[in-house]
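Dear colleague,

I am passing on the structure we spoke about, and below it you will find a short account of what was found. Please look through the sequence and the model before you read on.

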Amino acid sequence: MSKAIKETHFNFPGQVGFYKGKVRDVYIFDKELVVVASDRISAFDVVLPKPIPFKGQVLNQIAAGFLKATSDIVPNWVTSTPDPSVTIGKRCHPFKVEMVIRGYLAGHAAREYKLGKRVLCGVALPEGLKENDKLPEPIITPTTKADEGHDEDISREDILAKGIVSEADYLILEKYTRALFQRGQEMAREKGLILVDTKYEFGKFGEEILLIDEIHTPDSSRYFYAEGYQENQDKGLAQKQLSKEFVRQWLIANGFQGKDGQTVPEMTDEIVESISDRYIELFENITGQTFVKAETENIELRIENAVLTHLGLKNKL
């Protein structure tokens, strides 16, 4: 099995800080960030014990492509992608909300709906919907951006009342979110896919609002195959998905939803390899390109050399 990036421990010249997220290792400089997309995988806000080979590369390269393809809608933080698993960009001050937008009743929204809830993040949902039905129009259902633990659903009204985001900025975030989702749906349609729901994160660089983090990846988004969608809905069948929902469903089937007292099921080599294969399938379907596996013999050295070159410093031989 190919090697994977579980975590990194670089100490770059000029580095002033480090932050380890669920998936990304972030090296902080005065005005820029070096972000390494590790092969860690999380579900239900829990990082699973084994990394997935090539997952970080898949996410990094999908995000890079979509950020470039949407830069006419909203400026983004990226300045360079010097390695298949590395993105370098402007050090922004992030808004403490994630802008989740949904075009269909799926995932978390469907689970809440099934419990009888008809208002999600302050947005009313109509009666009579089935799981995976298309919503009358896309809805924005924000969540708080937790530094640790679980993100929480929050309404537009609470965001403004608590001063988490100013009204002027929030109106811009909503406008960008809807425009990005429309573009994402159009691009998905060209590949025979449906962009079901996704999330966007934004930050400020000076006074400018920038799109940050990743977009339209299988970790931040849910895709259905367009072919067979309506037939499956009519027959009450599950939709074939392009997202990491298959990982969540495997966990749920094995008694894990991130709740206290629950244990992550054993991740055998076969399970790890199957998840890796699914991520590569996701890449090829979402981008329409053939996935080229990066060299994995000396992953850490490969990444370190790429960053040092970007910083204008000599590579380690």
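Helices and strands are here taken as DSSP runs, with at least four residues for a helix and at least two for a strand. Counted in this way, the protein chain, which is a predicted model, has eight helices and 17 strands. Its radius of gyration is 20 Å, close to the 20 Å that the globule rule gives for 317 residues, and the chain is therefore as compact as a globular protein of that length. Along the principal axes, the C-alpha atoms fill a box of roughly 65 × 50 × 45 Å.

As to how the chain packs, 51% of the 317 residues count as buried. If one takes the contacts between residues at least 6 apart in sequence, 63% of them join residues at least 24 apart.

The accessible surface of the protein chain comes to about 15300 Å², and carbon and sulfur atoms account for 49% of that area. Among the side chains, 41 are positive and 49 are negative, while the centres of these two sets lie 1 Å apart.

Finally, a word on the cysteines. The structure holds zero disulfides. C92 has a relative accessible area of 12%, and because buried means under 20%, this residue counts as buried. C121, with a relative accessible area of 10%, is likewise buried.

With best wishes

Notes:
Residues are numbered from 1 along each chain as its sequence is written. This is a predicted model: local features need pLDDT of at least 70, side-chain atom pairs count only at pLDDT 80 or more; totals for chains, interfaces and linings use all residues. Side-chain values use heavy atoms; hydrogens and water are left out. A disulfide is a pair of cysteine sulfur atoms within 2.5 Å. Buried means under 20% relative accessible area, exposed over 50%, partly exposed in between (1.4 Å probe, protein chains only). The radius of gyration is taken over C-alpha atoms; the globule rule is 2.2 Å times the number of residues to the power 0.38. Contact means heavy atoms within 4.5 Å. Accessible areas come from the Shrake-Rupley method with a 1.4 Å probe; for residues, only the protein chains shown count as cover. Lys and Arg count as positive and Asp and Glu as negative; His and the chain ends are not counted. The place of a charge is taken as NZ of Lys, CZ of Arg, CG of Asp or CD of Glu.
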